[in-house]
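User: I'm new to reading structures and would like a close look at one part. Could you walk me through the place where the two chains meet?

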Number of protein chains: 2
Amino acid sequence: MEIVIGIIAGILTSISMVPQLIKVIKEKDVANLSPIMITILLGGVSMWVVYGVLLKEWPIILSNAFSVLVNATLLTYYFFYRERT
Amino acid sequence: MEIVIGIIAGILTSISMVPQLIKVIKEKDVANLSPIMITILLGGVSMWVVYGVLLKEWPIILSNAFSVLVNATLLTYYFFYRERT
């Protein structure tokens, strides 16, 4: 039962990150991004991955690994495009 | 051990939400908010709370309950101030 709820929760929270990522990739507009907050979030979701591994809970591991990917991409784009905006 | 990592992860991910919330509350500027994405995220973090309850894992419950609060506030501000921006 939990695994189903965890997977749905993970899918929903992952979906909610996608529009911002697409917007940043398409428009290279990083003006609204806060590198400090993304770094803090990146630290947090990385620790959630460790937490999920320790608990052997795939929903936590996968959804937070996706979030690591998204936020690492946002941070890369920020440092790559911040001068040009 | 997991509980410490979960608590730190929860604190970091919660901190990363605060600046946007403060900005919206202070400036009443909801132009950048997407009600659809906030609703999806709200659904997701609510399910993470249920997931945490089922697993009896307080770090998951508390951090996602905080996220429910933050996103419910953002959504309320969006509907309250969208006309005036």
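How many residue pairs are in polar contact between chain A and chain B?

Analyst: Let's start with the ground rules. This is a predicted model, so local features need pLDDT of at least 70 and side-chain atom pairs count only at pLDDT 80 or more, while totals for chains, interfaces and linings use all residues. Residues are numbered from 1 along each chain as its sequence is written, chains are lettered from A and ligands numbered from 1 in the order in which they are written, and side-chain values use heavy atoms, with hydrogens and water left out.

Now your question: the count between chain A and chain B is four residue pairs, both at pLDDT 80 or more. A polar contact here is a pair of N or O atoms within 3.5 Å; within protein, one must be able to donate a hydrogen and the other to accept it, and residues adjacent in sequence count only if both atoms are side-chain atoms. As for salt bridges (a side-chain nitrogen of Lys or Arg within 4 Å of a carboxyl oxygen of Asp or Glu), there are zero across this interface.

On the chain A side, α3(A) gives the largest share, 12 residues. Helices are DSSP runs of H or I, at least four residues, numbered from the N terminus. That side divides into 19 nonpolar, eight polar and two charged residues. In this sorting, Ala, Val, Leu, Ile, Met, Phe, Trp, Tyr, Cys and Pro are nonpolar, Asp, Glu, Lys and Arg are charged, and the others, Gly among them, are polar.

Each chain puts 29 residues into the contact (heavy atoms within 4.5 Å). Together the chains bury about 2500 Å², 82% of it on carbon and sulfur atoms. Buried area is the accessible area (1.4 Å probe) that two parts lose on being put together, summed over both. In chain A, the residues losing the most area to chain B are A:M47, A:W48 and A:Y51, together 24% of what that side buries.

For a view from chain B, try B:T13, which sits in helix α1 (residues 2-15) of that chain. Leaving aside neighbours within four places in sequence, B:T13 is in contact with A:L41, A:G44, A:V45 and A:W48. B:T13 has a relative accessible area of 11%, so it counts as buried (under 20%; exposed is over 50%, partly exposed in between, with a 1.4 Å probe and protein chains only). A polar atom of its side chain also lies 2.8 Å from the backbone oxygen of B:A9.

Key
Helices (H or I, at least four residues) and strands (E, at least two) are DSSP runs, numbered from the N terminus.
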